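Student: I'm new to reading protein models and would like a close look at the side chains on one stretch of surface. Please start there, then follow the story inward to the places where side chains meet.

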Amino acid sequence: MKKVFVKLKSYDSLCLISIILLGIWQVLRCPDLPGLYLDAVNPDYLAIQMLFPHANNPNWTMPHSGIPLLGQLYHGTITVWLQLIIVGLFGESSLLTDRFSNIIYVVGICWVMHLILKRLGTNKAISFFALICIMLSPNVFSFIRTQYYIKLPGTLLLMLSIYFGMQSIDNHKHAVYLMLSGISLGIAFYSYFIFLFFAPAILLFCLDKAKKTDSSYVKDTVGWCIGFGCGSTPYVIGYSDLLITSTSLSASVKSNLVTVGGFLLVITVIFLACTMVRKYQNNKVFIRCCMAALILVFSLGTICLINLNSIINRLIPTLNSLEIAGKDMGVIQRIAQIFYYWSGVLENRFLEGQMLETTSTYLPFMLTILLLITFILTCILTITRKMVKDDWREILSWIGILLCYGICCIPFASRMGGQHFTPTFFITCMILILVLDSIWRLAKNKYIKKMPIALLGVFLLWSIINTNLLQKNLEFTGGRYLYSETINTLAKDALSERGNGKKNVYVFPEWGFWCGFDYLTVNQIPYMLSIDINTLKRYLDKGYGFRLCTWDNESVEQYINLLGNADICDVSTDTMLSRDGKVIFYIIKGDS
């Protein structure tokens, strides 16, 4: 018992316990605000449909015959699997289960950052207090409550990839960590396509670390890329499932093909990765593994070519609807747009705008100012002490990772949004921590040596003040527009009516309602995603009433006329109000 107590007093344990407790505090301090907007729980609501299949409700995944692996063409369903565990443990879905699931990713990110900083020998006090500042920041408070959450698991895997890359300097376990680095980023890519933009920088990062080993650059490059391919396997299975589902085969044959084919591919990939790691120094075996990987890729490519017309017909309409190219913008405009997104996420400007339709942050440029101050001071100290190479190596590595992402974003800048820059918040914080540590190590003057802690004190004060302001403004308003708590109220009212024996079908012809509604009603209330008169009449014939929701007052008359043309005339209109009395959306009601 004494040994356990001693371990709990260790720095690692203190750091982990602090991060977990602060994470729980960020959830519990305001668990029911803002409202659960559609993208804030997409694709997590799929877990509810899998666990509680009470109503045969529609979903928004890509067509599949096996388990849903594609949320959309550009992201997987990795967040669904944690939801299955959390909701299973709680026994139901709620705002609490949603936000607890999301904070787990942030806790994981901060813990891996701690491991990286420890590996780099960063000052413990600087590292610890910086992670506390991150956990208490308004950014984390907002990430776990909005659509930005979907980038959190990928960010965790990105940090793991970097950590494994750092660990690969060990000659005895070089192949294992190199492969794990590639696999981690491959899974991150599966979680959301944007993490592919980090791949060049992470590969170069790993190769730079490999200088201290006996391995060759070519072999390490191939090994890391094969690991990345292994991690991306769920994408391959998901797309294969999509194409198989679009064929005219029977449902059972499609399901068996996807299940058996997916299982065999996973087994093949695991065997290939394990063999390569075990025999990494054996050039003959390594070459055979590379040939096997090429054959696998060639086989998949051949299948794609054979079914090229089917693939084009299936994917092109979806790709066109995504408008990947976005608006016509010059290179300078795109670079400015990327900087705008990065700074907006750092200042939490976008998320506050979504939740409050304004910003409540006091001194929003604080983190940018802290970065500038610390960089200037580090430059001065580095020049005076002439230790450029050693003191800037790690800092430049992380800046390189950030710049690589920004450069790869340039072609897509006009189509991207603030949420795509969620990972850059944590990377920027890592750069800030490393710069603060370099000041502490380089400084000889005792006052300058204390400056990093003083600056972190400012960061901590900024985080606490602005998180409190954001919380209070949410409590005053209940959230605005798409993030209003009225969506939560709508779900509560639906469950209450159901409990009183009243049957209603909900109609959501507009964006923003249904994922949160389905999640909060535990998939017990039937809903429609369009005004299908025939389906609606079938519900009415079964004794159901209906509730049609719309954001705009102008749409109310249009929908009433549409229903009237179908002889559904006995309707009434109601409004859902925010805490300060503003109309958020309208409900057209028809009772059985």
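**From a surface patch to the rings and charges**

Tutor: Let's begin on the surface, where Ile17, Ile20, Leu21, Ile24 and Leu28 form a nonpolar patch with about 410 Å² of accessible area together. This is a predicted model, in which local features need pLDDT of at least 70 and side-chain atom pairs count only at pLDDT 80 or more, while totals for chains, interfaces and linings use all residues. Residues are numbered from 1 along each chain as its sequence is written, and side-chain values use heavy atoms, leaving out hydrogens and water.

A patch takes residues with over 30% relative accessible area and no salt bridge, joining like charges within 9 Å and nonpolar side chains (Val, Leu, Ile, Met, Phe, Trp, Tyr) within 5 Å. The areas come from the Shrake-Rupley method with a 1.4 Å probe, and for residues only the protein chains shown count as cover. Pick out Ile20 from the patch: it has its place in helix α2, residues 11–28 (helices, H or I of at least four residues, and strands, E of at least two, are DSSP runs numbered from the N terminus). Ile20 is partly exposed, because its relative accessible area is 35% (buried is under 20%, exposed over 50%, and partly exposed in between, with a 1.4 Å probe and protein chains only).

Now look at a helix that is mostly covered: in α10, residues 199–209, eight of the 11 residues are buried. They are Ala199, Ala201, Ile202, Leu203, Phe205, Cys206, Leu207 and Lys209, so you will find a lysine, Lys209, listed with the nonpolar side chains of α10 as buried. Helix α11, residues 217–231, has buried residues too, including Lys219, Asp220, Trp224, Phe228 and Cys230. You can also check the length of α11: at 1.5 Å a residue, its 15 residues should span 21 Å, and the end C-alpha atoms are 21 Å apart, which agrees (the expected span is 1.5 Å times one less than the number of residues).

Next come the rings. A search of the whole structure finds 42 aromatic pairs. One of them joins Phe143 and Tyr148, which are stacked at 6.1 Å centre to centre with 15° between the planes (rings of Phe, Tyr and Trp, with its six-membered ring, pair if their centres lie within 6.5 Å; planes under 30 degrees apart count as stacked, over 60 as edge-to-face, and the rest as tilted). Phe143 counts as buried because its relative accessible area is 0%, and Tyr148 is buried at 2%. The pair of Tyr340 and Tyr341 is tilted, with centres 5.9 Å apart and 50° between the planes. Tyr340 is partly exposed at 39%, whereas Tyr341 is buried at 8%.

Tyr340 and Tyr341 also belong to a cluster linked by ring pairs, together with Tyr74, Tyr192, Phe193, Phe195, Phe197, Phe198, Phe350, Tyr405, Phe412 and Phe421. Charges visit some of these rings. Lys151 lies over the face of Tyr192, 4.0 Å from the ring centre, and the charged end of Arg349 sits over Phe350, 5.2 Å from the centre of that ring (NZ of Lys or CZ of Arg must be within 6 Å of the ring centre and within 35 degrees of the ring normal).

Arg349 leads us to the salt bridges, of which the structure holds 11. Its side chain meets Glu347 at 2.4 Å, N to O (a salt bridge is a side-chain nitrogen of Lys or Arg within 4 Å of a carboxyl oxygen of Asp or Glu). Arg349 is partly exposed at 26%, while Glu347 is buried at 4%.

A second bridge joins Glu475 and Lys472 at 3.3 Å, N to O. Both residues lie in helix α21, residues 446–477, three residues apart, about one turn of the helix. Glu475 is partly exposed at 25%, and Lys472 is partly exposed at 45%.

Glu497 forms a bridge with Arg547, with the closest N and O atoms 3.5 Å apart. This pair links distant parts of the chain, since Glu497 is in helix α22 (residues 486–499) and Arg547 in strand β5 (residues 545–550), 50 residues apart. Glu497 is buried at 19%, and Arg547 is buried at 4%.

Finally, find Val556 in helix α25, residues 553–565. Val556 is buried at 7%, and it lies 7.4 Å from Ile588, C-alpha to C-alpha, although the two are 32 residues apart in sequence.
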